[in-house]
Amino acid sequence: MAEQFTGLKGKYVPIAESVRSFKEVIEGKHDDRPEQAFYMVGAIEEAVEKADRMKTAA
């Protein structure tokens with residue numbers, strides 16, 4: 001639904017994967033990653049990859 005506004009396809013993330021990812025975030029396991037890395041991604045692994053790409057590009 002939001003694709004027309006963001007230009008990005010939506011992603012399906014199973015509930016168990018969402019809960020696992022959220023748990024890692026609230027436990028502070030990803031505090032060293034920039035906030036923007038978590039924007040418009042699916043599971044936590046995508047945020048980690050995005051953060052690594054952002055670091056390399058800087």
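Ser21 is located in helix α2 of this predicted model. With a relative accessibility of 8%, Ser21 counts as buried, because the limit for that class is under 20%. Beyond its neighbours within four places in sequence, Ser21 makes contact with Ala43 and Ile44. The points below cover the helix that holds Ser21, the salt bridges, two loop residues and the largest pocket.

**Helix α2**

- Helix α2 covers residues 15–26.
- How far apart should the ends of α2 lie, given its 12 residues? At 1.5 Å a residue the expected span is 16 Å, and the end C-alpha atoms are indeed 16 Å apart, so the two values agree.
- Gly28 follows α2 and has a positive phi, near 85°.

**Salt bridges around Arg20**

- The model holds 8 salt bridges in total.
- One of them joins Arg20 to Glu24, with 2.9 Å between the closest N and O atoms.
- Arg20 and Glu24 are both in helix α2, and because they are 4 residues apart there, about one helical turn separates them.
- The two partners fall into separate accessibility classes: Arg20 is partly exposed at 30% relative accessibility, whereas Glu24 is buried at 16%.
- Arg20 also forms a salt bridge with Glu45, where the closest N and O atoms are 2.7 Å apart.
- This second pair links distant parts of the chain, since Arg20 belongs to helix α2 and Glu45 to helix α3, 25 residues away.
- Glu45 has a relative accessible area of 37% and is therefore partly exposed.
- Which residues share a network of salt bridges with Arg20? They are Glu17, Glu24 and Glu45.

**His30, in the loop after α2**

- His30 is found in the loop that runs between α2 and α3, the latter covering residues 44–57.
- Is His30 buried or exposed? Its relative accessibility is 9%, and His30 therefore counts as buried.
- Setting aside residues up to four places away in sequence, His30 touches Glu24, Val25, Phe38, Ile44 and Val48.
- Two of these names recur elsewhere in the model: Ile44 is also in contact with Ser21, and Glu24 is also a salt-bridge partner of Arg20.

**Lys9, in the loop before α2**

- Lys9 lies in the loop between α1, residues 3–6, and α2.
- At 65% relative accessibility Lys9 counts as exposed, because that class begins over 50%.
- The side chain of Lys9 meets that of Glu3 in a salt bridge, at 3.7 Å from N to O.
- Glu3 is partly exposed, with a relative accessibility of 37%.
- Lys9 and His30 are 21 residues apart in sequence, and their C-alpha atoms are 25 Å apart in space.

**The largest pocket**

- The largest pocket holds about 230 Å³ of space.
- How many residues line the largest pocket? The lining has 12 residues, and those nearest the centre of the pocket are Lys9, Gly10, Lys11, Met40 and Val41.
- Lys9 thus appears both in this lining and in the salt bridge with Glu3.
- By type, the lining of the largest pocket comprises 6 nonpolar, 3 polar and 3 charged residues.

Definitions and conventions
Residues numbered from 1 in each chain as written. Predicted model: local features only at pLDDT ≥ 70, side-chain atom pairs only at ≥ 80, totals over all residues. Heavy atoms only, no water. Helix = DSSP H or I, 4+ residues; strand = E, 2+ residues; numbered from the N terminus. Buried < 20%, exposed > 50% of the residue type's maximum accessible area, 1.4 Å probe, protein only. 1 Å grid on protein atoms, 1.4 Å probe; cavity = no way out; pocket = protein on both sides within 12 Å on 5 of 7 lines; lining within 4 Å. Points joined across faces, edges and corners; volume = space filled by probe spheres on them. Nonpolar A, V, L, I, M, F, W, Y, C, P; charged D, E, K, R; others polar. Contact = heavy atoms within 4.5 Å. Expected span 1.5 Å × (residues − 1). Salt bridge = Lys/Arg side-chain N within 4 Å of Asp/Glu carboxyl O.
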